[in-house]
Amino acid sequence: MQIEILGNADSVTEHDNSLLIKTAQAQARVWVFSPTIIRICVTKNSKEPDESFAVIEKSLEDFTWEKLYDTVEVTTSALKLVIDLHPLRFNFLTADGQPLSEDDNRFGVNWQAERVINYRKLYPDEKFLGLGEKAGDLNRRGCNYVNWNTDAAMHTITTDPLYKTFPFFIGLHSGLTYGLFFDNTHKSYFDFGATTDEQMSWFGADGGDMNYYFFGAQGLRNILEDYTWLTGRMEMPPLWSLGYQQCRWSYMSADEVLDIARKFRERNIPADVMYCDIDYMDEYKIFTWNKETFTNPKGMIDQLKDMNFRLVTIIDPGIKIDENYKEYKEGVERGYFATYPDGELYTGSVWPGRCHFPDFFNEEVREWWGAAFEALADPGVEGFWNDMNEPAAWGQNMPWLVKFGERFMPEVRNAYGMQMARGTYYGTKRILKGKRPFILTRAAYAGTQRYSAVWTGDNAATDEHMLFGQRLVNSLGLAGMSMIGVDIGGFMGNPTPELMVRWNSLGPYVPMFRNHAALGMSMREPWQWGEAYEQIIKKDIEQRYKLLPYIYSGFYESTQTGLPLARTLAIDYTTDENIYDTRFQNQFLFGDSILVAPVVSTAETVEVYLPAGDWYRLSSDEKFKGNQIVNVASPLTDLPVFVKAGGIVPMQNVIQNTNEIGDGILQVHIWNGNEVNSFVYYEDDGTTYSYQDGAYYKRTITFDPQKKEIVFGAVEGSHQSKYLKLRVIWHGFEGANVVEMENVNAQINIGF
Ligand code: GLC
């Protein structure tokens, strides 16, 4: 096999808002998207690059470049791209000339037949974070990964690849930060110094172009803001989806679904969502209901609604081959399914048996798919769970000559699940007429945050998986995702009662709090573990509901800046070496101020690393100095959770579901500290899109220890808060400190 290395540049010209650089065998284009974002595309193809599934922004029309003797420099206020022309290499520096990331001068971009690779210089202290749902440690230095969306059933904590592809990583070295997004949906590879004797890192793909976006902002928050500007941000999730969700493969009948829902209410355990896994369908045919066990879907959903439950149903892409099935017939007639090159329909087997697979890359197919949700939305379903969309077929190996329209499966496999979620999202949004649908998907590609929440697939009921799951959540947060769940309790295997309790205590701090288990596993509802444990789990779920005002505001932040709700400590404490220590790498900030330390179910004490600043234990207000390892008690009743000094956490009293108003008091908790801190409190109606037209309620709350005051800023937006009164509660002061105001909108300065 021949290796071709990108050679000397022959010409440099401006072309269509980009720089066009030609070599004998290839051409490179350079676009400036913003002062901190530059795109490079090196291709052997002279046609315009394909439209991206991920990117939603356009490049700038004007940018500054200069041809020097043997180089070209593209400069922005934040970045300098030095392009060596002989041979053609790309080197990114800060505006003042510090190297951020450079091509390996020897190999740069090269090809091995269709495979395209970029070798880059590895810096001695360089760390790598990101790639979303990937096994391994927070710092990925020394590891290599493959992106090839896979139904990773029975995966372990070292399995790669898993279900999703986020070819975006963050590099850290010399006190500097950068990000790189390789926008290519072919099978792709990332090597963070695993194979090259500490000289190079590299990434590449089996085909397509060397097409990447370089992010030169300093600080992870800024990089994430830029990345989610480019690839989009989530919309406000329906408030009900932030409540507790009870799932199982499967509740086998409408009676069972209703019975479980009723038990939550009887036992006063808060919950909002019930799920129907595959067995609600007639022979696993998507958009149908089993006529024996779910005889009256609307009746069931009405009864759920009366109990203030919402229903989420699963859907898989595989359409059963069945002459009497509407979606099958229409799909065949209209040519909507994946084919072999000769036009024969591809058949693969999944739950329904032999199936065809919709070509979600075709807009017409997505429209058709989206419209079919009427069958679920009509009786009242509001949540749509997209599964098996890697796509999965038994045997896993979909032949490489399967085609989706003009594209062969290997070219776009990694974006299939995302396109299914896209069709589901737009279709259900239209059908629900102004109500927010809740979309959940297993497979994903960069940009999926625009359409859907994700969960981390089929984990196992072990302590190790619980910690691993949190690491995945934290890493997905570095890939633009914020609404993320793991199967609490573990999908495969049976958790010990202690593990179940512990995992539920982490649940309030998992962005999507969903309990799920596989067919044949033990029942997992909170009351299955004996009275004492039921009470602990109940308290944990109640904690989730108390925190909802804080959580909702946290998601608002995700919609505005792309910052995830669950944040690896690397976001705010990037240069603190301790946070990369494998003992502490699972810890995370939940929103701005809460630090959570996941702990195995068997440990009654644990070492926690508290970064710089002062911290309070949430459960006791005990104060700790930061920048040190502390040994703290971690009984099953008290997961180590801390609040940053100066932290502002809006809460409410316990409610049983998100439809309930509660006591009408918005509690704003503030923990004493030495530094000014502020929090943007956000509320809207929780179910519609009217917030996009100004119907929200927003105000900034500031804690100022120098002035000794707490300031509630002016209310913005036209929505009326659902709370009537305001209660401010200080922690870490002498004695109790509570102030209550009759008017939630009071614009006040409270001295302390
Ligand atoms: C897949 C999903 C799992 C679901 C099961 C049956 O394994 O990952 O969550 O319960 O299929 O639909």
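# Close-up views of a predicted protein chain

**Figure 1. Overall dimensions of the chain in the predicted model.** For 752 residues, a compact globule would be expected to have a radius of gyration near 27 Å, and the 26 Å found for the protein chain agrees with that expectation. Along its principal axes, the C-alpha trace spans about 75 × 70 × 50 Å, and the secondary structure of the chain comes to 11 helices and 50 strands. Buried residues make up 64% of the 752 residues, while the accessible surface amounts to about 26100 Å², with 48% of that area belonging to carbon and sulfur atoms. Among the contacts with a separation of 6 or more, 68% are accounted for by residues 24 or more positions apart.

**Figure 2. Charges of the chain, and the salt bridge between K47 and D50.** The protein chain has 69 positive and 100 negative charges, and the mean positions of these two sets are 2 Å apart. Side chains of opposite charge can pair when their charged atoms come close. The count of salt bridges comes to 42. In the pair shown here, the side chains of D50 and K47 meet with an N to O distance of 3.2 Å. D50 counts as exposed because its relative accessibility is 56%, above the 50% cut-off, whereas K47, at 46%, counts as partly exposed.

**Figure 3. A salt bridge within helix α10, between K538 and E542.** The closest N and O atoms of K538 and E542 are 3.6 Å apart. Helix α10 covers residues 531–546, and because the two residues lie 4 positions apart in this helix, they are separated by about one helical turn. Both K538 and E542 are buried.

**Figure 4. A salt bridge between R567 and E557.** The closest N and O atoms in this pair are 2.9 Å apart. The pair links distant parts of the chain, with R567 in strand β35 (residues 566–568) and E557 in helix α11 (residues 548–561), 10 residues apart. R567 counts as buried, since its relative accessibility is 1%. Elsewhere, salt bridges that share partners join D151, D387, E390, R442 and D458 into one network.

**Figure 5. The surroundings of Q656 in a loop.** Q656 lies in the loop between β43 (648–651) and β44 (665–671), and with a relative accessibility of 16%, which is under the 20% cut-off, Q656 counts as buried. What does Q656 contact, leaving aside its neighbours within four places in sequence? The residues in contact with Q656 are R265, N268, I269, P270, A271 and Y545.

**Figure 6. Cis peptide bonds at P87 and P161.** The peptide bond from H86 to P87 is cis, with omega near -5°, and P87 is found in the loop between β8 (79–85) and β9 (88–94). A cis peptide bond also joins D160 and P161, where omega is about 0°; P161 is placed in the loop between β14 (144–147) and β15 (164–165).

**Figure 7. Positive phi values at D16 and N627.** D16, a residue other than glycine, has a positive phi near 50° and is placed in the loop between β2 (9–15) and β3 (18–23). With a relative accessible area of 55%, D16 is exposed. N627 likewise is not a glycine, yet its phi is positive at about 65°. The loop that holds N627 runs between β40 (623–625) and β41 (628–633), and N627 counts as exposed at 52% relative accessibility.

**Figure 8. Helix α4 and the elements that cover its buried residues.** Which residues of helix α4 (residues 326–334) are buried? In this helix, E327, Y328, E330 and G331 are buried, and what covers the buried residues of α4 includes β24 (319–320), β26 (353–356) and α5 (363–371). Just after α4, G335 takes a positive phi of about 70°.

Terms used
Residues numbered from 1 in each chain as written. Predicted model: local features only at pLDDT ≥ 70, side-chain atom pairs only at ≥ 80, totals over all residues. Heavy atoms only, no water. Rg over C-alpha atoms; globule rule 2.2 N^0.38 Å. Buried < 20%, exposed > 50% of the residue type's maximum accessible area, 1.4 Å probe, protein only. Contact = heavy atoms within 4.5 Å. Areas by Shrake-Rupley, 256 points an atom, 1.4 Å probe, with all protein chains shown as cover. Lys, Arg positive; Asp, Glu negative; His and termini not counted. Charge placed at Lys NZ, Arg CZ, Asp CG, Glu CD. Salt bridge = Lys/Arg side-chain N within 4 Å of Asp/Glu carboxyl O.
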